[in-house]
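Dear colleague,

I am handing over the structure that we spoke about, and I would be glad if you could open it beside this message while you read. My notes on what was found come after it.

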Amino acid sequence: MATRFADYPFPLKLLIVGRSLVASGSLLTPNVFARVFRMEAAGTPAIPMGRMFGIRNALLAFGLSRLGGFTSPRTFLKLNVLTDAVDAAVLVAAGRRGELSKTTSTLGTVVALSAVVMGAASLAALPAHEA
C-alpha cells in the first residue's frame with residue numbers, strides 16, 4: 001500500500017477529501033451544514049448530532065489517510081463502505097417515516113451513496129497484493 005497521499009489511487013483521494021469536507025463542515029460550521037442539508041436546527045438535536053457525525057468522518061478520513069499502516073487496508077476500506085451503506089439505509093428509512101424532510105433524506109442519501117461508490121472504487125483500485 002502506498003504510504004504517501006500523492007501515491008494513493010484517485011478514488012481514495014476523493015473519499016478522503018470528501019470525508020474531510022463533511023467533517024470540517026459539520027464541526028466548524030454546524031449551522032451552515034444543517035442549512036445545506038435543509039435540516040431544522042433550532043430546538044432540535046441536529047447540531048450536536050451533526051458534530052458527532054463530523055467527528056466520525058474526521059476519524060474515518062484520518063484512518064484512510066494512514067491506510068498503509070493497517071495490517072489489512074482492504075478491511076478498513078470495507079468498513080468505510082459498510083458505514084456509508086448503513087447511513088444511506090437509515091436516511092431513506094428516516095425520510096419514509098417523516099423524521100426527516102424528503103429533501104434532507106434525499107441529499108443525505110446521495111452523499112452516503114457517493115461515499116459507497118468512492119469506497120468501492122477505492123477497493124477496486126488497490127493493488128492485488130493488498131487482498
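What follows goes through one helix and then one residue of another helix.

Please keep in mind throughout that this is a predicted model.

I began with helix 3, which covers residues 46–65. With 20 residues at 1.5 Å a residue, helix 3 should span 28 Å, and because its end C-alpha atoms are in fact 28 Å apart, the expected span and the model agree. The buried residues of helix 3 include A46, I47, G50, G54 and N57, and further along L60, A61, G63, L64 and S65. These buried residues pack against helix 1 (10–28), helix 2 (30–36) and helix 4 (73–97).

M52 also has its place in helix 3, but M52 has a relative accessible area of 52%, and because exposed means over 50%, M52 counts as exposed. If you would like a distance to check for yourself, M52 and Y8 lie 44 residues apart in sequence, and their C-alpha atoms are 27 Å apart in space.

The other residue I looked at is D84, which is found in helix 4. Its relative accessibility is 3%, and because buried means under 20%, D84 counts as buried. What does the side chain of D84 make a polar contact with? The partner is the side chain of R19, at 2.5 Å. When neighbours within four places in sequence are left aside, D84 is in contact with R19, and also with A112, A115 and V116.

With best wishes

Conventions:
Residues numbered from 1 in each chain as written. Predicted model: local features only at pLDDT ≥ 70, side-chain atom pairs only at ≥ 80, totals over all residues. Heavy atoms only, no water. Helix = DSSP H or I, 4+ residues; strand = E, 2+ residues; numbered from the N terminus. Buried < 20%, exposed > 50% of the residue type's maximum accessible area, 1.4 Å probe, protein only. Expected span 1.5 Å × (residues − 1). Contact = heavy atoms within 4.5 Å. Polar contact = N/O pair within 3.5 Å; in protein donor to acceptor, adjacent residues only side chain to side chain.
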